[in-house]
Structures are given as structure tokens and as C-alpha cells.
Amino acid sequence: MTDAAFELAQVNIARLKAPLDSPQLKDFVDNLDPVNADADAADGFVWRLVGEEGDNATDVPVLGDSWLIVNMSVWRSTDALTAYMYQGRHREMLARRREWFERIQEAVTALWWVPAGHRPAVAEAESRLLHLRTHGPTPYAFTLRTSFPPGASAPVTGEVPEGLGCSV
């Protein structure tokens with residue numbers, strides 16, 4: 001159970017193996033709208049990032065790398081996010097991710113608690129992801145495997161080491 005004053009933000013990034021309009025990514029692109037519709041209808045879903053076209057966020061730049069795509073959303077709880085991620089069409093697409101995306105060595109997903117009603121910007125998500133890569137899971141940025149309850153999320157101070165882009 002979570003504090004109703006907080007919601008769970010999540011970001012995940014992926015590096016494309018080919019351009020979005022390539023035959024290699026056709027199944028991925030064809031399933032974006034249905035997968036997003038499933039998320040929009042999922043129990044506990046609150047919000048997701050959309051791009052200029054208002055449908056998905058594949059045109060939203062992230063970490064200064066044109067081969068990266070970003071997905072951001074807000075959920076009522078970690079349980080709601082987990083339930084959506086590992087069932088139905090999303091689970092099927094997740095199982096095929098290696099067909100479409102490079103294997104990235106650093107963390108590609110970060111979670112953090114936001115005040116209810118807050119909608120994170122991409123810059124905020126980048127900061128959380130880089131923080132996770134630098135410090136590991138903390139209340140400021142964590143994973144489903146190592147999560148923290150809603151509440152204090154002050155960042156751990158320190159410099160971000162060089163080379164925390166997306167090594168493949």
C-alpha cells in the first residue's frame with residue numbers, strides 16, 4: 001500500500017538497433033499504439049509521456065543520443081506498474097526486446113516517488129537515471145528489485161562519473 005500523497009514515476013530508455021521506419025522494427029512500431037492503449041487502461045495508471053504527435057514518445061530526445069528512445073509514466077504504486085509490465089501484450093513485447101534494442105550495460109530503468117499530480121520532465125528522468133547509475137538504488141532513484149517507500153528522496157551528493165552514457 002502506498003501513501004496517496006505520492007505516485008510512482010518511471011523512466012526507461014532503449015537504444016534502437018535500426019531506424020524506427022525500418023523493417024526490423026516494424027513489429028515494435030506497429031504495437032506501440034496498442035501497448036500504450038493497454039497502459040492507459042491499466043489499473044493504477046496515471047500518466048505517460050507523449051511526443052509532438054501526441055501518441056508515443058519516440059520523437060522525444062533523451063541523453064543527447066538520437067538512437068535512444070524514452071518511455072516515462074506515472075503509476076499509483078509499484079504493484080500497479082509491475083502488474084501491467086508482466087502481463088498481456090506488454091509482456092509479449094518485453095520478451096522480444098532484444099530483436100529491436102541494443103543491450104545497454106548501465107541501468108536503463110529508474111523509479112522514483114513524486115508528489116501526486118506531478119508530471120516529470122525528461123530532464124528530471126535523465127537526472128534520476130544518471131543518479132541510479134552513479135549511486136545504485138536509493139530513495140532518489142531505484143528499481144523494482146530494490147525499491148523504497150514514498151517519502152524523502154533527497155539526492156546523494158557527488159559527481160557523476162565520466163562515461164555514464166549508454167555503453168553497448
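Visitor: How many helices and strands are there in the chain, and what pattern does the chain follow along the sequence?

Guide: In this predicted model, the chain holds five helices and four strands, and reading along the sequence gives the order β-α-β-β-α-α-α-β-α.

Visitor: What share of the 168 residues in the chain is buried?

Guide: A residue is called buried when its relative accessible area is under 20%, and in this chain buried residues account for 40% of the 168.

Visitor: Is Glu7 buried or exposed, and where in the chain is its place?

Guide: Glu7 belongs to strand 1, which covers residues 6–15, and Glu7 counts as buried because its relative accessibility is 5%, with the limit for that class set at under 20%.

Visitor: Which side chains are joined to that of Glu7 by a polar contact?

Guide: The side chain of Glu7 has a polar contact of 2.7 Å with the side chain of Arg76, and another polar contact, of 3.0 Å, joins the side chain of Glu7 to that of Arg119.

Visitor: Turning to charge at the surface, which residues form the negative patch, and which form the positive one?

Guide: Asp33, Glu52, Glu53, Asp55 and Asp59 form a negative surface patch, whereas Lys17, Arg97, Arg98 and Arg103 form a positive surface patch. As for where two of these residues are found, Asp55 sits in the loop between strand 2 (45–48) and strand 3 (68–75), while Arg103 is in the loop between helix 4 (97–100) and strand 4 (109–115).

Visitor: Why does Asp55 count as partly exposed?

Guide: The class of partly exposed residues lies between the buried limit of 20% and the exposed limit of 50%, and Asp55 falls into that class because its relative accessible area is 32%.

Visitor: What should I look for in the sign of a backbone phi angle, and what is the phi of Leu63?

Guide: Most residues other than glycine have a negative phi. Leu63, although not a glycine, has a positive phi of about 50°; Leu63 lies in the loop between strand 2 and strand 3, and with a relative accessible area of 26% Leu63 is partly exposed.

Visitor: How far apart are Ala83 and Gly44, in sequence and in space?

Guide: Between Ala83 and Gly44 the separation is 39 residues in sequence and 9.3 Å in space, taken from C-alpha to C-alpha. Ala83 itself is part of helix 2, residues 78–85, and Ala83 is partly exposed, its relative accessible area being 40%.

Conventions
Residues numbered from 1 in each chain as written. Predicted model: local features only at pLDDT ≥ 70, side-chain atom pairs only at ≥ 80, totals over all residues. Heavy atoms only, no water. Patch = residues over 30% accessible without salt bridge, like charges linked within 9 Å, V, L, I, M, F, W, Y side chains within 5 Å. Areas by Shrake-Rupley, 256 points an atom, 1.4 Å probe, with all protein chains shown as cover. Salt bridge = Lys/Arg side-chain N within 4 Å of Asp/Glu carboxyl O. Lys, Arg positive; Asp, Glu negative; His and termini not counted. Charge placed at Lys NZ, Arg CZ, Asp CG, Glu CD. Helix = DSSP H or I, 4+ residues; strand = E, 2+ residues; numbered from the N terminus. Buried < 20%, exposed > 50% of the residue type's maximum accessible area, 1.4 Å probe, protein only. Polar contact = N/O pair within 3.5 Å; in protein donor to acceptor, adjacent residues only side chain to side chain.
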